[in-house]
Amino acid sequence: EASEYAWDLLDSLLLFDPDQRLTAEEALMTNYLHGVGMPNSMVFPAVSPDFNFSFEAAGNNRLQLKQMIHAEVASQKRVTNATQNTTEANESSVDAQIDAKKDKRIEKNKKLLNDV
C-alpha cells in the first residue's frame with residue numbers, strides 16, 4: 001500500500017544506469033521525502049574531542065592500517081577478557097557464599113534432627 005510518490009522514488013532509485021539514477025541529494029528533494037530534510041538544512045552534532053582521527057591524515061599505507069586495526073582489535077579483546085574474568089570471579093564468589101549458607105543450613109538441620 002505504497003503511495004504514488006513512494007513508487008516514483010523507488011523507480012528513480014532502482015535504475016540500473018547510474019547516470020539516470022537519482023543522487024541522494026535529488027532523492028531528498030522528491031515529493032515523497034518533501035519536508036524530511038534538505039541537504040542544506042541537515043544539522044550534525046559536534047564531534048567529541050575524545051575522537052581522534054589523526055590517523056586518516058597521516059598517510060599510512062595499507063600494511064600500517066592493517067597493523068593499527070589489529071592492535072585495536074587486540075586491545076578490545078584484552079578489555080573484554082578482563083571484564084569477563086572479573087564477572088566470572090564475582091560469580092564464583094557469589095556461588096561460594098551460597099554454598100556456605102547451604103552448608104550452614106544443612107548443619108543446622110542435622111543438629112535439629114539429632115536433638116529429636
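The paragraphs below go through this predicted model from its overall form to individual residues.

The chain contains three helices and zero strands. Followed along the sequence, the order of elements is α-α-α. The radius of gyration of the chain is 31 Å, whereas the globule rule gives 13 Å for 116 residues; the chain is therefore more spread out than a compact globule. The C-alpha trace spans about 95 × 50 × 30 Å along its principal axes.

The surface values describe the chain as a whole. Of its 116 residues, 7% count as buried. The exposed area of the chain is about 10700 Å², and 57% of that area is supplied by carbon and sulfur atoms. The chain carries 12 positive and 18 negative charges, and the mean positions of the two sets are 23 Å apart.

Two of the helices can be placed by residue number. Helix α2 covers residues 24-28, and helix α3 covers residues 62-115. Thr-30 sits in the loop between α2 and α3. Is Thr-30 buried or exposed? Its relative accessibility is 18%, and because the limit for a buried residue is under 20%, Thr-30 counts as buried. Thr-30 also comes within a short list of C-alpha distances worth checking in the model: its C-alpha atom is separated by 7.1 Å from that of Leu-9, and the two residues are 21 residues apart along the chain.

A second pair gives a distance for helix α3. Thr-86 is found in this helix and, at 45% relative accessibility, counts as partly exposed. Between Thr-86 and Ala-74 there are 18 Å from C-alpha to C-alpha, for a sequence separation of twelve residues.

The next feature is a nonpolar patch on the surface. Val-47, Phe-51, Phe-53, Phe-55, Leu-65 and Met-68 make up this patch, which has an area of about 580 Å². One of its members, Met-68, belongs to helix α3. Met-68 has a relative accessible area of 36% and is partly exposed.

Charged patches follow. Glu-88, Glu-91, Asp-95, Asp-99 and Asp-103 form a negative patch on the surface. Glu-91, one of these residues, lies in helix α3. With a relative accessibility of 45%, Glu-91 counts as partly exposed. A patch of positive charge is also present on the surface, where Lys-101, Lys-102, Lys-104 and Arg-105 gather. Lys-104 has its place in helix α3. What is the relative accessible area of Lys-104? The value is 64%, and since exposed means over 50%, Lys-104 is exposed.

The last topic is the pairing of opposite charges. How many salt bridges does a search of the whole structure find? The search finds one salt bridge. The partners are Glu-107 and Lys-110, whose closest N and O atoms are 3.9 Å apart; the cut-off for a salt bridge is within 4 Å. Glu-107 and Lys-110 are three residues apart in helix α3, so about one helical turn separates them. Both partners have computed accessibilities: Glu-107 counts as partly exposed at 46%, and Lys-110 is partly exposed with a relative accessible area of 45%.

Technical notes: Residues are numbered from 1 along each chain as its sequence is written. This is a predicted model: local features need pLDDT of at least 70, side-chain atom pairs count only at pLDDT 80 or more; totals for chains, interfaces and linings use all residues. Side-chain values use heavy atoms; hydrogens and water are left out. Helices (H or I, at least four residues) and strands (E, at least two) are DSSP runs, numbered from the N terminus. The radius of gyration is taken over C-alpha atoms; the globule rule is 2.2 Å times the number of residues to the power 0.38. Buried means under 20% relative accessible area, exposed over 50%, partly exposed in between (1.4 Å probe, protein chains only). Accessible areas come from the Shrake-Rupley method with a 1.4 Å probe; for residues, only the protein chains shown count as cover. Lys and Arg count as positive and Asp and Glu as negative; His and the chain ends are not counted. The place of a charge is taken as NZ of Lys, CZ of Arg, CG of Asp or CD of Glu. Patches are made of residues with over 30% relative accessible area and no salt bridge: like charges are joined within 9 Å, nonpolar side chains (Val, Leu, Ile, Met, Phe, Trp, Tyr) within 5 Å. A salt bridge is a side-chain nitrogen of Lys or Arg within 4 Å of a carboxyl oxygen of Asp or Glu.
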